[in-house]
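Biologist: I have a structure open and I'd like to learn how to read its pockets, cavities and helix contacts. Could you walk me through it?

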Amino acid sequence: MVEKNPNEKRVGWLSRIAPGVRKIVSRRNDTPDNLWVKDPDSGEMLYRPDLEAALWVTPSGRHMRINADQRLKATFDKGRFTPIAMPDVPEDPLKFSDGKPYRDRLGAARKAAGRKDTMAAGHGDIHGVPAVVIVQDFSFMGGSLGTAAGEAFIAAAREAIGRGSPLVCFTAAGGARMQEGALSLMQMARSTLAVNELKAARLPYVVVLTDPTTGGVTASYAMLGDVHLAEPGALIGFAGARVIESTIREKLPEGFQRAEYLQDKGMVDRVVSRADLPTVLGQVLGMLMDGRRTAA
């Protein structure tokens, strides 16, 4: 008969199965906490993978904001494109602080958005038509127009000229970046000159206005396209509706500054759903580039 060691620790059946239980619990805890997204219109909870498959367009038709990477992949054929490096610019040239140093705000924005600044660009094919696309990411400091954004736009325009390709710009901005003062406002003029370079090279420039496109961006490159498309429901304007109402002391029409209203007034050429944008862009770019070849 084998004698038991009196100092040996007794292990019960619950202790023996505990490791397996811990694995099950840990796997359950690995489930992302953002698996469901609330529809801002209906309040309905939407399954995130389904929403991603629908390009972040809700069943009610709301075109939710998407980041630059998602936009580029959704635009180019099979999501394939070559990124274009964005130029480096001096950071915090004015040593600005509004209670928090601008450098700290930039650092926080970069960590949250996963990019260096608001602009991202790439080149590839859109329904078989070679094109350069630049995207303004609203998730980075509200898509605000600063020196980095201006330099990025100029770089994308010159890339398009170098390739003999059209330029497509997806706009999304809350206005100029106040932390860069007059340097931010200068980008309106600089981006306008870049558009003129495209026109001198007889290359198409197409703008897709997304929600929201406001302020100095609307007052410059967002409204200088050969063709202006817009996503459904996109807010497009310069000053806010409340500012306008308080200035003119009149009630604004229903849907004022929305894409559909602006299409009726001739400011937008066509409102296009997100899923149809690559097809429509391909048709427009193909037609404009064919006209350029014919004229040449």
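**Pockets, cavities and a helix pair**

Modeller: Sure, and keep in mind that this is a predicted model. Start with the lining of the largest pocket: ten of its residues are nonpolar, nine are charged and none is polar.

Biologist: How much space lies in the largest pocket?

Modeller: About 250 Å³. It has 19 lining residues, and the closest to the centre are Val-89, Arg-110, Lys-116, Asp-117 and Ala-148. Two elements, α4 (102-113) and α5 (147-163), give two or more residues to that lining.

Biologist: Which element has the largest share of that lining?

Modeller: That's α4, with three residues.

Biologist: And what lines the second largest pocket?

Modeller: That pocket has a volume of about 160 Å³. Its lining includes Arg-62, His-63, Met-64 and Arg-65, and also Glu-231, Pro-232, Gly-233 and Ala-234. By class, the lining has four nonpolar, three polar and five charged residues.

Biologist: Now cavities. How do I tell one from a pocket?

Modeller: The idea is that a probe fits inside a cavity but cannot get out, whereas a pocket is open. Here the count is two cavities of 30 Å³ or more.

Biologist: Where is the largest cavity, going by the residues nearest its centre?

Modeller: Look for Ile-66, Arg-71, Ala-172, Thr-210 and Asp-211, which lie nearest the centre among its 14 lining residues. The space comes to about 90 Å³. Strands β5 (129-136), β6 (167-173) and β7 (205-213) each supply at least two lining residues. The lining divides into six nonpolar, three polar and five charged residues.

Biologist: What about the second largest cavity?

Modeller: About 40 Å³ of space lies there. Arg-71, Ala-74, Thr-75, Phe-170, Arg-274, Leu-277 and Pro-278 line it. Both α3 (68-75) and α10 (277-295) give two or more residues, and α3 gives the most, with three. Sorted by class, four of the lining residues are nonpolar, one is polar and two are charged.

Biologist: Last one: at what angle do the axes of α5 and α6 cross?

Modeller: Roughly 5 degrees, and the axes of α5 and α6 (residues 181-200) come within 8 Å. Angles under 35 degrees count as roughly parallel, so α5 is roughly parallel to α6.

Biologist: Which residues of the two helices meet?

Modeller: On the α5 side they include Phe-153, Ile-154 and Ala-157, and on the α6 side Leu-183, Ala-194 and Leu-198 are among them. The residues of this contact divide into nine nonpolar, four polar and four charged.

Definitions and conventions
Residues numbered from 1 in each chain as written. Predicted model: local features only at pLDDT ≥ 70, side-chain atom pairs only at ≥ 80, totals over all residues. Heavy atoms only, no water. 1 Å grid on protein atoms, 1.4 Å probe; cavity = no way out; pocket = protein on both sides within 12 Å on 5 of 7 lines; lining within 4 Å. Points joined across faces, edges and corners; volume = space filled by probe spheres on them. Helix = DSSP H or I, 4+ residues; strand = E, 2+ residues; numbered from the N terminus. Nonpolar A, V, L, I, M, F, W, Y, C, P; charged D, E, K, R; others polar. Axes fitted to C-alpha atoms, helices over the stretch in contact; angles between N-to-C directions. Parallel < 35°, antiparallel > 145°, perpendicular 65-115°, else oblique. Contact = heavy atoms within 4.5 Å.
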